[in-house]
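I opened the notebook to record what I looked up in this structure. The entries follow in the order of the look-ups.

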Amino acid sequence: MALAKAEPGKTRVGWIGTGVMGASMCGHLLSAGYQITVYNRTKSKAQALLDRGASWADSPKAVAEASDIIFTIVGFPKDVREVILGPEGVLAGCKPGNIIVDMTTSEPALAQEIAAEAKKRGVYAVDAPVTGGDIGARQGTLSIMVGGEAEAVEAIWPCLERMGKTIVHHGGPGAGQHAKLANQIIIAGNMVGVCEGLLYAYRAGLDLEKFLQSVSAGSAGSWAVSNLAPRMIRNNFDPGFFVEHFVKDMAIALDEARRMNLSLPGLGLIQQLYMSTQAQGYGRCGTHALLLALASLSQINWRDRQGNPGRSA
């Protein structure tokens, strides 16, 4: 029997992980009329959703027991393994026909392992990591990269449409994770360019707002230039995506590249720069905090800058 498509008022949805991204993403499903059961390690971070009508469960297993489709978006692969495959994990509470959707950026091999374990129980597993940051999560405009069986992907599609604007099914289990890792490689290189361009403009004595006005409309324009560079200028390094999570993503990508006998020297260098950013205490800041680490190499105190120093500074 074919899986039924998700439908508000009928499909029970579970949600695990209500952090910077997850709270907004779950909120869109709640607004659409889905019955939601949530779990988060820190209950207070789910309070806004509970106030809007979501129900609380005391474990991932309990979430699964109350749900038809269970979404997870947590921090690291070890968290994914615990939340889904652990003794009190999602899979332990699933029944045949349930669908697990992991939206964490994680390891392709782990996504494949989860799908294989789920299949033994008549459960479907989909990997669907996202890109677009906190802004995309709030606005429901994320790009969602999907891996898994077509039948399960089709069933969850109405939910994905509430969270994202661009949704692409890339193939079987793990394919979504591979697409996301390639995405992170592109973002990593772009972020270095944005930060170094801003530092150059500052040291050259340019007005940074005018500089952004020029480059954002040209071939150097990018999501990071439009959305993160203004934050850098305003000294707002709050996370849309944590540095420590980005370091994790690049490590996974490099491990996968080695497995595929693929040389990515640029990514290796950029990961070192981000590890330095983390070592300087910015691990829980947004990825654009790379600017602060790069600024320190030229003895620029970016946070306390006064005006532009000119070329002789």
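**Cavity**

I looked up the largest cavity, and about 60 Å³ of space lies in it. The model is a predicted one. I found that the structure holds 1 cavity of 30 Å³ or more.

Which residues line the largest cavity? I listed Ile100, Asp102, Ala111, Ile114, Ala115, Ala125, Val126, Asp127 and Pro173. I then noted the elements that give two or more residues to this lining: β5 (99-102), α6 (108-120) and β6 (124-127). By class, the lining of the largest cavity splits into 7 nonpolar, no polar and 2 charged residues.

**Second largest pocket**

I went on to the second largest pocket, whose volume is about 230 Å³. Its lining has 14 residues, and Leu3, Ala4, Asp68, Gly97 and Ile99 lie nearest the centre of the pocket. I sorted the lining of the second largest pocket into 8 nonpolar, 3 polar and 3 charged residues.

**Strand β8**

I took three residues of this strand in turn.

Leucine 142 belongs to strand β8, which covers residues 142-147. Is leucine 142 buried or exposed? I read a relative accessible area of 0% for leucine 142, so this residue is buried. Leaving aside neighbours within four places in sequence, I found leucine 142 in contact with Met21, Met25, Val130, Thr131, Gly132, Gly133, Gly136, Ala137, Met163, Gly164, Lys165 and Thr166. I also checked leucine 142 against glutamate 256: they are 114 residues apart in sequence, and their C-alpha atoms are 24 Å apart in space.

Valine 146 is also placed in strand β8. Its relative accessible area is 0%, and I entered valine 146 as buried. Not counting residues up to four places away in sequence, valine 146 touches Val126, Asp127, Ala128, Val153, Leu160, Ile167, Val168, His169, His170, Gly171 and Gly176. I noted that Val126 and Asp127, touched by valine 146, are also among the residues lining the largest cavity. For valine 146 and proline 129, 17 residues apart along the chain, I have a C-alpha separation of 7.0 Å.

Glycine 147 lies in strand β8 too. I entered glycine 147 as buried, since its relative accessibility is 0%. Apart from neighbours within four places in sequence, glycine 147 is in contact with Val126, Asp127, His169, Gly171, Gly172, Pro173, Ala175 and Gly176. Of these contacts of glycine 147, I marked Val126, Asp127 and Pro173, which are also among the residues lining the largest cavity. Glycine 147 and glycine 9 are 138 residues apart in sequence, with 26 Å between their C-alpha atoms.

**Aromatic pairs**

How many aromatic pairs are there? I have a count of 5 aromatic pairs. For one of them, I read 5.4 Å between the ring centres of tyrosine 202 and tryptophan 302 and 65° between their planes, so I classed the pair as edge-to-face, the cut-off being over 60 degrees. This pair links distant parts of the chain, 100 residues apart: tyrosine 202 is in helix α9 (residues 175-203), and tryptophan 302 is in the segment after α15 (290-297). I entered tyrosine 202 as buried, at a relative accessible area of 7%. Tryptophan 302 also counts as buried, at 2% relative accessibility.

I then looked at phenylalanine 241 and phenylalanine 246, an edge-to-face aromatic pair with 6.3 Å from centre to centre and 80° between the planes. Phenylalanine 241 has a relative accessible area of 23% and is partly exposed, whereas phenylalanine 246 is buried at 1%. I noted a cluster in which ring pairs link Phe241, Phe246 and Tyr274.

**Charges over rings**

I looked up two cases in which a charged end sits over a ring. The charged end of arginine 284 is over the ring of phenylalanine 242, 3.8 Å from the ring centre. The charged end of lysine 248 is over the ring of phenylalanine 76, at 6.0 Å from the ring centre.

From lysine 248 I went to methionine 275: the two are 27 residues apart in sequence, and their C-alpha atoms are 9.7 Å apart. Methionine 275 is in helix α14, residues 265-282. I entered methionine 275 as partly exposed, with a relative accessible area of 37%.

Notes:
Residues numbered from 1 in each chain as written. Predicted model: local features only at pLDDT ≥ 70, side-chain atom pairs only at ≥ 80, totals over all residues. Heavy atoms only, no water. 1 Å grid on protein atoms, 1.4 Å probe; cavity = no way out; pocket = protein on both sides within 12 Å on 5 of 7 lines; lining within 4 Å. Points joined across faces, edges and corners; volume = space filled by probe spheres on them. Nonpolar A, V, L, I, M, F, W, Y, C, P; charged D, E, K, R; others polar. Phe/Tyr/Trp six-rings, centres within 6.5 Å; stacked < 30°, edge-to-face > 60°. Helix = DSSP H or I, 4+ residues; strand = E, 2+ residues; numbered from the N terminus. Buried < 20%, exposed > 50% of the residue type's maximum accessible area, 1.4 Å probe, protein only. Lys NZ or Arg CZ within 6 Å of the ring centre and 35° of its normal. Contact = heavy atoms within 4.5 Å.
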